[in-house]
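Morning, everyone. Let me put the model on the screen, and then we'll go through it.

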Amino acid sequence: MTIALTAEIDSVTFEQYPSPLGIGIASPRISWKYASGVKDWYQTEYEIEMRELDKGTSQTYSVASESSVLVPWPAPPLKSRQRMQLSIRARSRNGVWTNSLTTEVEAGLLHESDWSSSFVSSSFTQPLGIAKRPYRLRQSFTVQLSKSHKARLYITALGVYESYINGIRIGQDVLSPGWTSYSARLPYQTYDVTSLLREGTNVLSAWVGEGWYSGLLGYQGGSRNIFGNRTGLLAQLEIDGEPVEGDWEWSFGAIISAGIYEGETYDTNLPDASEHSQGEWHKVDILPTPTSKLFSSQSPPIRIIQSVKPVRIITSPSRKIFMDFGQNLAGVVRLVSNPPSNSGSQLIIRHAEVLEHGELGTRPLRFATATDKIVLSDKDISGYHPRFTFHGFRYAEITGWPAISLKDVEAVVFQSSMHRSGTFTCSHALINRLHENAVWSTMANTIGIPSDCPQRDERLGWTGDVCVYSPTMSYLFDASGFLSEWLQDLWHDQRKLKGVVPIFVPDTGTDVSTPEAIWGDAAVLVPHDVYLSSGDLAVLERQFESIKMWLDEGIERNPSTGLWSRDRDQLGDWLAPRAPPETPNMGPTDNLLVADAWLIYSTRTASKISRAIGRIEDATRYETQAKELTEEFYNEYVTTAGRLVSETQTALCLLLCYEIFPPQCKGSLDYRSLFAERLGHLVMKANWLIDTGFAGTPIVLPTLAENGHLSHAYRMLQATECPSWLSPVLLGATTIWERWDSMLADGSINPGEMTSFNHYALGSVASFMHAYIGGLSLLSPGWKTFSIHPRPGGTITSAKTSHQSPYGKIAVEWEIRDGVFQMTVEVPPNCTATVTVPGSQQREVIGSGVRHYSAQYSLPSFPPPPYIPHFAPVRPNEWAA
Ligand code: BGC
């Protein structure tokens, strides 16, 4: 093995943009990551050579700085379309330079005045009450190309689009431009189309579907045309910075209808409206320019991120044929082979997440019909998949394909193409599956926005779900661009509601938005999570008005205490297992106690945010408020003897985890020990089963671990009866379910109206795996400093976790064998880790590089000596490995 003497820069990014092409900020901050390997490498200086490619001039900027993440743009701001070449290198404390990495960056269209094209649309008036028929647009133009020509397409839609030049698909993105609060913000995409153009006549074309813009959205029947009733396309093709001219025309083609919830119908007998097809082409309508701001998005485009082959074909009791993909996912079915056909016969694909008594379990989809239809002809359609819809499914019922075989279809998975940044495995197979389930639920609920679920008539950006899940999401994926764009929509929609954060963003206006704790607290906590995981202060600066407006104006308060108003109910500890199926906010923990605890936590977080961005007055104000609210909280909910109103797992965890302890004057009791003891007692009393919903679930295991109850935490994690994390796994779950018992043990679907098999919120337990089993947790924003401290327990004898941080790869791998704990850790250059070795006094602060540790160690006996509550027997299989 060769030991590297200096660090190597292996990638460069600009702001949080997924690509350096078409970025929308004139002075983008620059980050570089280091490859691993070198020991104790710290940067002291960097050098950026900026070369203006068109002019051939260059300038070198040297900066004495330890920063390698989001450093300021040193040169004059970029102009629209301007391209720069950058060569970046850095020097270590001992004066050794890294490699010099060369990359390019190109600005998009930075000003409204850069747009000369108009939105064009079909001239057909579509009926308002049904899914709209997608149409095809085309524009021919003639060009003479220079040898070094450069062509760019700037494009977006009111609706969703897929574009082509000369019949070749442009890029790989699907459902573009994704979903934003369209009335305020419409993202455009930039493509390098240089290689697709040819001398002479070319055709630019695109399909336009209704998507989220004017399609059906929302539950209880939902609404259509929420953002507008006319779909349209804006496409500006430029060659060497000059827009090309040409007339647009439109035609219907083979797609009969396409709706996000409904699915897509495709008739192969019809002319496909490809670019050169004859058929009927009509003059387009020019649409009025929308008021929304066009911007280049930092959220990665939605793409097909993988394909999944079916694992078995099932014939149901009613003789239906189902493909089982072995994995619940979000995407569509792609035809790998060409289905046999008699002209006019139909292939129908229905989707469901589960089977109920052997048949497709579609009841949980509610109004989402989730059905794709293909009218067949002798045309070969192998490779086809629906374009403008997606479904949440594991099973697809396929009708109209006699003798279908496993190789004939596959599922293609859609997701905003964030980089996967976090991994985890350990010696416990069921826990590994649970972790994978969280990963799959994250994938399925990050299609354009952070959503609740991908299958039923919702798929909305419920703010509470992401509020409790964003730390987990940010470990598993680089979600900084994805979440920070969504936060800007949150701010826009919140402003319209005078400070109230809508319960889902983008706000469709289909539900009344009243202020709700946790859901509204997303305005404060999600930006803070993004800041912690990425180190990006600009997110906090950008969201600061939103944070303030929520706390200062949005929350409905009790005027005499400043706590939440007593006059309205809350969603509370949503979906706690003891809540009745039809009323998920009626769990055992007092809803206002939950709301008030989150209010204190958010207020304190707002104080930290204010301090981080230098708003010292606000920092002090929120700190004082948090103290006063805590005092009021104690008056309201804690007796003088230290007993808590609605003393539940959730209530105690909120106080312990968010450190809601009384001000000095009431501080004679040792509340931490008191609450910790009660929590341990309650957990045992519940036989180590879960009693928490959205509010308590993310924190219950860390709280136990931090308060002297690590063995309870493991016992809870390894419990297998319902409600526990492993009970769905034992019933075959491949994603995180919305309810602990979405599927009942007898194989029937929970009768609750609201039963999804793909909700990420309860998957926040994965964070316990990363931080406590694996042992990785951040100490400062962006993982500049972090802790490596595995806390082994349960029956787990080995684990590994890794995270691609903004600085580079962090990894831990440990194993207990023959009474020895052995661990290998990897720290990226320019970072510092504090390592604690379990079972020994060994604790050290280290720099970059790979290191090995070992110490005598034996796992505490598990389960610990039995505690036998008088009201329930200890169940023998709850710690099954
Ligand atoms: C969603 C949840 C959401 C909740 C709040 C549900 O229908 O699926 O995840 O947070 O409503 O009311």
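I'll take the pocket, then the nonpolar cores, then the cysteines.

Keep in mind that this is a predicted model.

Pocket first. The largest one has a volume of about 1,600 Å³. Its lining counts 48 residues. Closest to the centre are Pro471, Leu532, Tyr601, Cys657 and Ser777. Which elements build the wall? At least two lining residues each come from α3 (463–476), α5 (522–534), α7 (591–612), α9 (649–657), α11 (697–706) and α14 (766–774). Strands β35 (776–778) and β40 (832–836) also supply at least two each. By type, the lining splits into 24 nonpolar, 17 polar and 7 charged residues.

Now the cores. The largest nonpolar core holds 201 residues. Trp212, Trp598, Leu701, Ile773, Ile788 and Met823 make the most contacts inside it. Helix α7 gives the most to this core, with 10 residues. Another core lies apart from it, with 28 residues, including Ala157, Ile170, Leu197 and Leu237.

Look at Met823. Leaving out residues up to four places away in sequence, Met823 touches Ile788, among others. Its partners also include Trp814, Val835, Arg851 and Tyr853.

Last, the cysteines. How many disulfides are there? The count is 0. Take Cys722, which is in no disulfide. The nearest cysteine sulfur belongs to Cys653, and that is 19 Å away. Buried or exposed? Cys722 is partly exposed, at 41% relative accessible area. Cys831 is buried, at 0%.

That's my tour. Questions, please.

Key:
Residues are numbered from 1 along each chain as its sequence is written. This is a predicted model: local features need pLDDT of at least 70, side-chain atom pairs count only at pLDDT 80 or more; totals for chains, interfaces and linings use all residues. Side-chain values use heavy atoms; hydrogens and water are left out. On a 1 Å grid over the protein atoms alone, a cavity is a set of points where a 1.4 Å probe fits but cannot get out, and a pocket is an open set with protein on both sides within 12 Å along at least five of seven lines; lining residues have an atom within 4 Å of a point. Grid points are joined across faces, edges and corners, and a volume is the space filled by probe spheres set on the points. Helices (H or I, at least four residues) and strands (E, at least two) are DSSP runs, numbered from the N terminus. Ala, Val, Leu, Ile, Met, Phe, Trp, Tyr, Cys and Pro count as nonpolar, Asp, Glu, Lys and Arg as charged, and the others, Gly among them, as polar. A disulfide is a pair of cysteine sulfur atoms within 2.5 Å. Buried means under 20% relative accessible area, exposed over 50%, partly exposed in between (1.4 Å probe, protein chains only). A nonpolar core is a set of buried Ala, Val, Leu, Ile, Met, Phe, Trp, Tyr and Cys residues joined through side-chain atoms within 4.5 Å. Contact means heavy atoms within 4.5 Å.
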